[in-house]
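Below are some comments on the model, set out as numbered points. They cover confidence, overall make-up, one loop with its aromatic contacts, and one pocket.

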Amino acid sequence: MLADIWTGGLIGFREAMEATLIVVVFMMILKKSERPELMNSIWKGVGLGVVASVITAIIFQFIIGSFEENEAWFEGVLMIVSAVMIAIVVFHLIKHHSKDELEKLANEAITDIEGGAKALSFIAFLSVWREGSETVVFMSAGTETSWAILGLIVGIIAAVLLGWLILSKGVNINVKKMFTATTILLILVGAGLAAHGVHELQEEEVGWIPVIDDEFWNVNPEWDGTGEAPILHDKGLIGGLLRATIGWNGDPTMLEFFTWIGYLSVMGILYKRDTEAHTPVEEDTPII
């Protein structure tokens, strides 16, 4: 339960925070420039983005439902694709605007009411839809339990609340440190997804990837699969939290383990070498 809440909450907070900060920066600039009439354009974009995200979720769920007979290979592929997407999100190959770029766009909107309003609305729409679509894929690949969905909702509410506090109460927050912490956690989630995806594709009914060593190790307490799992089992309370946090598996195959190690190693090296800001308003100084 707690593991699912944690996973859903992390994904919800990390993705919602991206879009929230874009909206907050726009509104802060318009507020200081005394152009409140342009804020409606931003809210229109946000609303359309939310609607588009819901539609995406419905379509995606329909697609998943059509693969019920081939659940193992579909989940395996989806997990690996999601792990790749997490890597893309982390390094922002899909362009994310910097604070300077956001300020430039907002300033252009001040002098060009019609065109600027459309630009603000469109960027707000794309930001919300992009993050919403990523959330749909990550949740579908990770877990879709009611507890995970609860965590997702809590994470989104926390991100929106933080954005509101920054905008209305002038709360100081070091965005760079916040995103560094959540990005590292997201990389760990990606490693777990990649490893578990390999495991799914090694299942006997799929057999896409050969099994060299069925159990590289097994430290899971004995459990017959009924009732609550032992607390240290990777489906138990503590073991489940470790699985959700660092991608831990108590009885991995050899290839599954090296996939986990390889993903973390590559992402860790690339992330360490990367010195540029990766997220909106991700400067060393807090935003106020």
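1. A convention first: helices here are DSSP runs of H or I with at least four residues, numbered from the N terminus. On that basis, Ile212 falls in the loop that runs between helix 7 (175–202) and helix 8 (237–246).

2. The model is predicted, and confidence should be looked at before the details. Mean pLDDT for the protein is 77, with 78% of its residues at 70 or more. Helix 9 (residues 254–273) has the highest confidence, at a mean of 90, and helix 4 (residues 99–111) the lowest, at 61.

3. Residues 277–288 need a caution, as pLDDT stays under 50 there. The model nevertheless has 43 contacts beyond four places in sequence for this stretch. Where pLDDT is low, predicted coordinates should not be read in detail.

4. As for overall make-up, the protein has nine helices and zero strands. Of its 288 residues, 47% count as buried. Among contacts with a separation of 6 or more, 80% are between residues 24 or more positions apart.

5. Is Ile212 buried or exposed? Its relative accessibility is 65%, and the cut-off for exposed is over 50%, so Ile212 counts as exposed. The C-alpha atom of Ile212 is nevertheless 7.3 Å from that of Leu255, although the two residues are 43 apart along the chain.

6. Aromatic contacts come next. The whole structure contains eight aromatic pairs. One of them joins Phe216 and Phe258, with 5.8 Å from centre to centre and 55° between the planes, and is tilted. Phe216 is in the loop between helix 7 and helix 8 while Phe258 is in helix 9, so this pair ties together parts 42 residues apart in sequence. Both rings belong to partly exposed residues: Phe216 has a relative accessibility of 32%, and Phe258 has a relative accessible area of 46%.

7. Which type of pair do Trp217 and Trp248 form? Their ring centres are 5.8 Å apart and their planes meet at 25°; stacked requires planes under 30 degrees apart, so the pair is stacked. This pair too links distant parts of the chain, with Trp217 in the loop between helix 7 and helix 8 and Trp248 in the loop between helix 8 and helix 9, 31 residues apart. Trp217 is partly exposed at 25% relative accessibility, and Trp248 is partly exposed at 25%.

8. The two pairs should be described together. Ring pairs join Phe216, Trp217, Trp248, Phe257, Phe258 and Trp260 in one cluster.

9. The last topic is the second largest pocket, which holds about 870 Å³ of space. Its lining consists of 33 residues, and those nearest its centre are Ala16, Val50, Val128, Gly132 and Ile156. Two or more lining residues come from each of helix 1 (2–32), helix 2 (39–65), helix 5 (113–142) and helix 6 (146–169).

10. Which helix gives the most to the lining of the second largest pocket? Helix 2 does, with nine residues. By class, the lining comprises 22 nonpolar, eight polar and three charged residues.

How values were computed
Residues are numbered from 1 along each chain as its sequence is written. This is a predicted model: local features need pLDDT of at least 70, side-chain atom pairs count only at pLDDT 80 or more; totals for chains, interfaces and linings use all residues. Side-chain values use heavy atoms; hydrogens and water are left out. pLDDT is the predictor's confidence in each residue, from 0 to 100. Contact means heavy atoms within 4.5 Å. Buried means under 20% relative accessible area, exposed over 50%, partly exposed in between (1.4 Å probe, protein chains only). Rings of Phe, Tyr and Trp (its six-membered ring) pair if their centres lie within 6.5 Å; planes under 30 degrees apart count as stacked, over 60 as edge-to-face and the rest as tilted. On a 1 Å grid over the protein atoms alone, a cavity is a set of points where a 1.4 Å probe fits but cannot get out, and a pocket is an open set with protein on both sides within 12 Å along at least five of seven lines; lining residues have an atom within 4 Å of a point. Grid points are joined across faces, edges and corners, and a volume is the space filled by probe spheres set on the points. Ala, Val, Leu, Ile, Met, Phe, Trp, Tyr, Cys and Pro count as nonpolar, Asp, Glu, Lys and Arg as charged, and the others, Gly among them, as polar.
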